[in-house]
Amino acid sequence: MDNPLASILADKGHVVLDGALATELERRGANLDDPLWSAKLLIEAPELIQAVHRDYFRAGADVATSSSYQASFEGF
């Protein structure tokens, strides 16, 4: 199958999404009081975003949500 989501569903019958990104980033000490929210960490602390995603995948997530939804050329 060319569709990764379809492959996961065919294999497991369900898809596990990751958890709350902003909440976990704040729990780890990130200050998201910024118009860019968690997207500012794409520049300031990408390793923190990677660590959160890695931990969710280790916990069984199949899909990670992006921290870029507030990102824009104007914002950056």
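**Exercise 1. Is Arg28 buried, partly exposed or exposed?**

Solution. Arg28 has a relative accessible area of 29%. Buried means under 20%, exposed over 50%, and partly exposed in between (1.4 Å probe, protein chains only). So Arg28 is partly exposed.

A quick note on the model: it's predicted, so local features need pLDDT of at least 70, side-chain atom pairs count only at pLDDT 80 or more, and totals for chains, interfaces and linings use all residues. Residues are numbered from 1 along each chain as its sequence is written, and side-chain values use heavy atoms, leaving out hydrogens and water.

**Exercise 2. Which parts does the pair Asp55 and Arg28 tie together?**

Solution. Start with the contact: the two side chains, Asp55 and Arg28, form a salt bridge at 2.6 Å, N to O. That term means a side-chain nitrogen of Lys or Arg within 4 Å of a carboxyl oxygen of Asp or Glu. Next, place the partners: Asp55 sits in helix α4 (residues 46–58), while Arg28 is in the loop between α2 (21–27) and α3 (41–44), so the pair links parts 27 residues apart in sequence. Helices here are DSSP runs (H or I, at least four residues), numbered from the N terminus. Asp55 is partly exposed, at 33%.

**Exercise 3. Lys40 forms a salt bridge with Glu44; which residue counts as buried and which as exposed?**

Solution. The closest N and O atoms of Lys40 and Glu44 are 3.8 Å apart. Lys40 has 13% relative accessibility, so Lys40 counts as buried. Glu44 has 54%, so Glu44 counts as exposed. Elsewhere, salt bridges with shared partners join Glu24, Arg27, Arg28, Asp55 and Arg58 into one network.

Notes
Helix = DSSP H or I, 4+ residues; strand = E, 2+ residues; numbered from the N terminus.
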